[in-house]
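Let's take a walk through this model together, beginning with its inner spaces and ending at its ligand. Have the 3D view open as you read.

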Amino acid sequence: MAHPKTEKIWHNGKFINWDDSKIHVLSHVVSYGSAVFEGVRAYDTPQGISVFRLREHIQRLLNSAYIYRMEVPYNNDDLCAATLDLVRTNNVGACYIRPIILRGYGEAGVDPVGCPIEVYLACYPWGKYLGEDGLSQGVDVCVSSWNRPAPNTLPQMAKAAANYMNSQLIRMEARANGYVEGIALDTNGYVSEGSGENVFVVSGGAVITPPVSNSALPGITRHSVMTICRDLGIPVVEQIIPREMLYIVDEVFFCGTAVEVTPIRSVDRIKIGSGARGPITKRIQDEFFALVEGKKPDRHNWLSPVNVPATAAR
Ligand SMILES: Cc1ncc(COP(=O)(O)O)c(C=O)c1O
């Protein structure tokens with residue numbers, strides 16, 4: 001699929017045309033993967049287009065940059081305001097937002113000091129990541145033969161471009177073998193996460209997800225799901241998950257900005273529970289969509305209205 005396009009991209013405080021957002025091939029990021037980024041969604045809501053958990057995404061972006069000693073001349077308020085401005089300016093309705101901070105063209109060599117920090121914000125229309133059917137029917141996944149990076153190698157609490165070389169291996173292998181996605185284990189063989197999503201299991205009525213110390217990204221949807229569970233009175237814990245537990249639990253699901261809340265109906269061709277979306281996954285999914293689409297009061301202050309009408313009404 002060709003990359004969806006919008007009119008403007010925000011670069012270091014100014015809007016530039018989509019086609020003008022170019023970097024030099026010898027920019028530090030190209031050889032050394034030195035970028036941190038985010039993926040954020042803006043939804044149609046009765047109050048107009050609203051960005052989901054914008055502050056938390058921008059904070060994780062700034063945290064990722066901080067881990068990599070990138071000095072960013074913008075704070076959370078600046079980047080939130082710029083993001084809302086971007087979505088308003090492009091006026092494409094519900095969309096995916098991609099903030100990027102990268103080390104640009106400057107000095108040669110691995111040492112990044114001396115290469116400029118470039119900040120970009122882009123947005124574009126984007127549909128369901130694992131397909132519409134996946135959300136209702138569930139998806140078929142495998143356990144990847146690739147592990148997530150070991151602790152103290154590539155920091156997994158940072159959402160850094162370099163991490164996604166590992167994610168690409170997981171995803172390409174899964175698809176080559178006929179699965180929609182792969183679940184990776186950490187270097188001790190415990191469940192970590194998917195190539196671009198956190199994983200949850202449901203066992204005996206309790207919802208369980210691996211702690212971030214199992215090389216998982218501190219997902220913002222993961223946090224939202226845990227909050228929703230507490231709101232609904234569903235027990236939720238962070239706990240180490242051995243691989244084989246995936247096969248014998250009642251339900252498994254992915255969550256993330258891209259996949260939202262997507263049920264998993266089989267792992268390694270082993271049917272999970274009834275082989276369809278489970279009842280607890282559905283309760284969480286229903287509450288998640290009601291909140292992100294503004295159909296229930298925004299009790300956690302998760303939505304930032306952009307002040308443009310919703311796509312359907314435009
Ligand atoms: C590796 C990985 N894990 C988990 C997630 C889910 O995080 P979030 O819910 O913040 O999108 C993502 C997506 O950003 C990811 O790329």
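Helices and strands here are DSSP runs, numbered from the N terminus, and a strand needs at least two residues. Keep in mind that this is a predicted model.

With that numbering in hand, look for enclosed space. The structure holds two cavities of 30 Å³ or more. Start with the second largest, which contains about 40 Å³ of space. Two strands, β14 (251–256) and β15 (260–267), each contribute at least two residues to its lining. Among the residues lining this second largest cavity are Val252, Pro263, Ile264, Asp250 and Arg277. By class, that lining divides into five nonpolar, two polar and three charged residues.

The largest cavity encloses about 50 Å³. Around it you will find Arg41, Tyr43, Phe52, His57, Thr221, Gly256, Thr257, Glu260 and Phe288. Here the lining comprises three nonpolar, four polar and two charged residues.

Now turn to the ligand, which sits in the largest pocket. Of the 16 residues around the ligand, the nearest are Tyr164, Glu193, Ile220, Thr221 and Thr257. Helices α2 (54–67) and α6 (220–232) each supply at least two residues of this shell, and the shell as a whole has three nonpolar, eight polar and five charged residues.

Zoom in on the ligand's oxygen atoms. A polar side-chain atom of Tyr164 lies 2.4 Å from one ligand oxygen, and for a polar side-chain atom of Arg60 the distance to a ligand oxygen is 2.8 Å. Ile220 takes part through its backbone, with a polar atom 2.7 Å from an oxygen of the ligand. On its own the ligand has 380 Å² of accessible area, and the protein covers 96% of that.

Notes: Residues are numbered from 1 along each chain as its sequence is written. This is a predicted model: local features need pLDDT of at least 70, side-chain atom pairs count only at pLDDT 80 or more; totals for chains, interfaces and linings use all residues. Side-chain values use heavy atoms; hydrogens and water are left out. A residue is near a molecule or strand if one of its heavy atoms lies within 4 Å of it. A polar contact is a pair of N or O atoms within 3.5 Å; within protein, one must be able to donate a hydrogen and the other to accept it, and residues adjacent in sequence count only if both atoms are side-chain atoms. Accessible areas come from the Shrake-Rupley method with a 1.4 Å probe; for residues, only the protein chains shown count as cover. On a 1 Å grid over the protein atoms alone, a cavity is a set of points where a 1.4 Å probe fits but cannot get out, and a pocket is an open set with protein on both sides within 12 Å along at least five of seven lines; lining residues have an atom within 4 Å of a point. A molecule sits in a cavity or pocket if more than half of its atoms lie within 2 Å of its grid points. Helices (H or I, at least four residues) and strands (E, at least two) are DSSP runs, numbered from the N terminus. Ala, Val, Leu, Ile, Met, Phe, Trp, Tyr, Cys and Pro count as nonpolar, Asp, Glu, Lys and Arg as charged, and the others, Gly among them, as polar. Grid points are joined across faces, edges and corners, and a volume is the space filled by probe spheres set on the points.
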